[in-house]
Amino acid sequence: MNIEKRVAELVEEKIAEIERPDLFLVSITMHSNGKLIILVDGDHGIGIAECVQISRYVGFKLEEEDVIKTAYNLEVSSPGIDMPLTLPRQFTKNIGRTLSMKMADGSKREGKLNGLTQDALQIEEQIKQKGKKAEIIESIIPLEQITETKVIISFK
């Protein structure tokens with residue numbers, strides 16, 4: 001059985017059991033060095049207690065079913081602020097925050113996320129032109145043109 005597939009099933013089972021429908025699986029990565037990383041997030045965040053519950057449940061089931069034949073290290077956490085946004089729920093959670101986007105053509109764009117559709121982000125960009133006051137414009141950016149999106153943290 002595919003390890004990532006079985007782990008995803010186990011994570012979904014535990015999320016249903018702890019009755020937090022706002023939680024969702026972001027990613028599962030099994031590294032060649034034996035490190036199994038599970039990233040889980042929530043529409044309203046996720047706490048250490050939920051990560052611990054998921055870790056214990058998944059770890060126990062993997063051992064019980066003998067899914068992974070070699071020694072491994074299980075890590076369950078929320079995606080860090082430095083992790084790119086990948087799922088629509090992550091974008092929805094970050095509406096109103098400023099994003100940095102790497103574009104397919106190599107350029108970079110920055111703006112406040114105002115909304116999203118199935119295939120595009122709606123952002124508010126500040127356009128600066130030499131000798132003129134900065135202008136704020138609304139832009140629609142197709143997701144297919146974006147290679148990476150991260151939230152910009154401001155300490156103002």
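This section describes two helices, several individual residues and two pockets of a predicted model.

Helix H1 covers residues 3–17. Its 15 residues reach 21 Å from the first C-alpha to the last, close to the 21 Å expected at 1.5 Å a residue. At the start of H1, a side-chain oxygen of Asn2 comes to within 2.9 Å of the backbone nitrogen of Glu4. Beyond the other end of the helix, H1 is followed by Glu19, which has a positive phi near 55°. Six names make up the buried set of H1, namely Arg6, Val7, Leu10, Val11, Lys14 and Ile15. These buried residues pack against strand E1 (23–30), strand E2 (35–42) and helix H2 (48–65).

Ala8 also belongs to helix H1. The relative accessibility of Ala8 is 22%, so this residue counts as partly exposed, the limit for a buried residue being under 20%. When residues up to four places away in sequence are not counted, Ala8 touches Leu25 and Ile28. Ala8 and Ile136 are 128 residues apart in sequence, and their C-alpha atoms are 42 Å apart in space.

The loop between H1 and E1 holds Arg20. With a relative accessible area of 19%, Arg20 is buried. A polar atom of the Arg20 side chain lies 2.9 Å from the backbone oxygen of Gly45. Apart from neighbours within four places in sequence, the residues in contact with Arg20 are Ile15, Gly45 and Glu50. Of these partners, Ile15 is among the buried residues of H1, and Glu50 is among those of H2.

Helix H2 has 18 residues and reaches 25 Å between its first and last C-alpha atoms, close to the 26 Å expected at 1.5 Å a residue. Buried positions in H2 are Glu50, Cys51, Ile54, Tyr57, Val58, Gly59 and Leu62. The elements covering these buried residues include H1, E1, E2 and strand E3 (73–77). H2 is followed by Asp66, whose phi is positive, near 55°.

Tyr57 offers a detailed view of helix H2, in which it lies. The relative accessibility of Tyr57 is 16%, and the residue therefore counts as buried. Not counting residues up to four places away in sequence, Tyr57 touches Leu10, Glu13, Lys14 and Glu17. Leu10 and Lys14 are themselves listed among the buried residues of H1. Tyr57 and Lys130 are 73 residues apart along the chain, with 58 Å between their C-alpha atoms.

A further buried residue, Gln90, is located in helix H3. Gln90 has a relative accessibility of 2% and so counts as buried. Leaving aside neighbours within four places in sequence, Gln90 is in contact with Phe24, Val26, Asp41, Pro79, Pro84 and Leu85.

The pockets of the model were examined next. The largest pocket contains about 220 Å³ of space. Its lining consists of Thr98, Glu110, Gly111, Lys112, Glu124, Glu125, Gln126, Lys128 and Ile136. Strand E5 (108–116) and strand E6 (120–127) are the elements that give two or more residues to this lining. By residue class, the lining of the largest pocket divides into 5 charged, 3 polar and 1 nonpolar. Ile136, which lines this pocket, is also the residue whose C-alpha lies 42 Å from that of Ala8.

The second largest pocket has a volume of about 190 Å³. It is lined by 14 residues, and those nearest its centre are Leu85, Thr86, Leu87, Phe91 and Leu143. The elements giving two or more residues to the lining of this second pocket are helix H3 (88–93) and strand E8 (146–151). E8 provides the largest share, 4 residues. The lining of the second largest pocket comprises 8 nonpolar, 5 polar and 1 charged residues. Leu85, one of the residues nearest the centre of this pocket, is also in contact with Gln90.

Definitions and conventions
Residues numbered from 1 in each chain as written. Predicted model: local features only at pLDDT ≥ 70, side-chain atom pairs only at ≥ 80, totals over all residues. Heavy atoms only, no water. 1 Å grid on protein atoms, 1.4 Å probe; cavity = no way out; pocket = protein on both sides within 12 Å on 5 of 7 lines; lining within 4 Å. Points joined across faces, edges and corners; volume = space filled by probe spheres on them. Nonpolar A, V, L, I, M, F, W, Y, C, P; charged D, E, K, R; others polar. Expected span 1.5 Å × (residues − 1). Buried < 20%, exposed > 50% of the residue type's maximum accessible area, 1.4 Å probe, protein only. Contact = heavy atoms within 4.5 Å. Polar contact = N/O pair within 3.5 Å; in protein donor to acceptor, adjacent residues only side chain to side chain.
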